[in-house]
Amino acid sequence: MKKLTSDMKELLQTQLSFLATTDGHNHPQVGPKGTMRILDDTHLLYDEHTGKQAWENIHVNPQVAVAVVNHDVFKGYRFEGKAIIHQDDQIFADAQEFAAGHHVPQPIAAVVIEIEEIFYLDAGKTAGDPVQ
């Protein structure tokens, strides 16, 4: 697994993240995840509220990508990895508490993403390059 740097953590804490998934026919889906946050140095976490496209896609194909960019400075990252669904455990209980404290709908699940690869989304020649 890859580790988050302080720069990556700063972006994840201050910018809106987008989750990309694919369905059983390899049709892409991308959408904002306002509850995306850092679980630890090698995992991201978000609250699944709707149970719609991304939720259905993760059941079919757990490989996902998360993109976060600061448009003001044209700097960002793409995190790729496996999504793991949590219900009826401490991670889910913590997600419910997070939702209550942030006045967002109660989640149907907490989704943890194991970060396997990280890529630059900066403007310029490093765009799309893997982070070493």
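The questions and answers below cover aromatic pairs, helix faces and core contacts in a predicted model.

Reader: What numbering and confidence limits apply here?
Author: Residues are numbered from 1 along each chain as its sequence is written, and side-chain values use heavy atoms, with hydrogens and water left out. In this predicted model totals for chains, interfaces and linings use all residues, local features need pLDDT of at least 70, and side-chain atom pairs count only at pLDDT 80 or more.

Reader: How many aromatic pairs does a search of the whole structure find?
Author: Rings of Phe, Tyr and Trp (its six-membered ring) pair if their centres lie within 6.5 Å; planes under 30 degrees apart count as stacked, over 60 as edge-to-face and the rest as tilted. By that criterion, the search of the whole structure finds two aromatic pairs.

Reader: Why does the pair of tyrosine 77 and phenylalanine 79 count as tilted?
Author: The ring centres of tyrosine 77 and phenylalanine 79 are 6.1 Å apart. The pair is tilted because the planes stand at 35°.

Reader: Is tyrosine 77 buried or exposed?
Author: Buried means under 20% relative accessible area, exposed over 50%, and partly exposed in between (1.4 Å probe, protein chains only). Phenylalanine 79, with a relative accessible area of 0%, is buried. Tyrosine 77 has 4% relative accessibility, so tyrosine 77 counts as buried.

Reader: Which strands hold tyrosine 77 and tyrosine 120?
Author: Tyrosine 77 and tyrosine 120 form a tilted aromatic pair, 5.9 Å centre to centre with 40° between the planes. Helices (H or I, at least four residues) and strands (E, at least two) are DSSP runs, numbered from the N terminus. The pair links distant parts of the chain, 43 residues apart: tyrosine 77 is in strand S6 (residues 75-86) and tyrosine 120 is in strand S7 (residues 109-120).

Reader: Which residues form one aromatic cluster?
Author: Tyrosine 120 is partly exposed, with a relative accessible area of 25%. The cluster is formed by Tyr77, Phe79 and Tyr120.

Reader: Over the ring of which residue does the charged end of arginine 78 sit?
Author: A charge sits over a ring if NZ of Lys or CZ of Arg is within 6 Å of the ring centre and within 35 degrees of the ring normal. Arginine 37 lies over the face of phenylalanine 98, at 3.6 Å from the ring centre. The charged end of arginine 78 is 4.4 Å from the centre of the ring of phenylalanine 119.

Reader: Which element gives the most to the largest nonpolar core?
Author: A nonpolar core is a set of buried Ala, Val, Leu, Ile, Met, Phe, Trp, Tyr and Cys residues joined through side-chain atoms within 4.5 Å. The largest has 21 residues, and those with the most contacts inside it are Leu19, Leu44, Phe79 and Ile113. Two or more residues each come from helix H1 (6-14), S4, H2, S5, S6 and S7. The most, four residues, come from S7.

Reader: What arc do the buried residues of H1 cover?
Author: The buried residues of H1 are Met8, Leu11 and Leu12, while the face turned away from them carries the exposed residues Ser6 and Gln13. The arc is that of the directions from the helix axis to the C-beta atoms. The buried residues lie on the same side of H1 because they cover an arc of only 95°.

Reader: What arc do the buried residues of helix H2 cover?
Author: In H2 (residues 53-60), the buried residues are Ala54, Trp55, Asn57 and Ile58. The face turned away from the buried side carries the exposed residues Gln53, His59 and Val60. The buried residues are on the same side of H2, because around the axis they cover an arc of only 165°.

Reader: Against which strands do the buried residues of H3 pack?
Author: Helix H3 (residues 90-102) has 13 residues and reaches 18 Å from its first C-alpha to its last, close to the 18 Å expected (1.5 Å times one less than its number of residues). Phe92, Ala95 and Ala99 are buried in H3, and they line one face because they fall within an arc of 55°. Contact means heavy atoms within 4.5 Å. The buried residues of H3 pack against strand S3 (37-40), S4, S6 and S7.

Reader: Which residues does lysine 33 touch, not counting residues up to four places away in sequence?
Author: Lysine 33 is found in strand S2 and counts as buried at 15% relative accessibility. Outside those neighbours, lysine 33 touches Leu16, Ser17, Leu19, Tyr46, Glu48 and Ala54.
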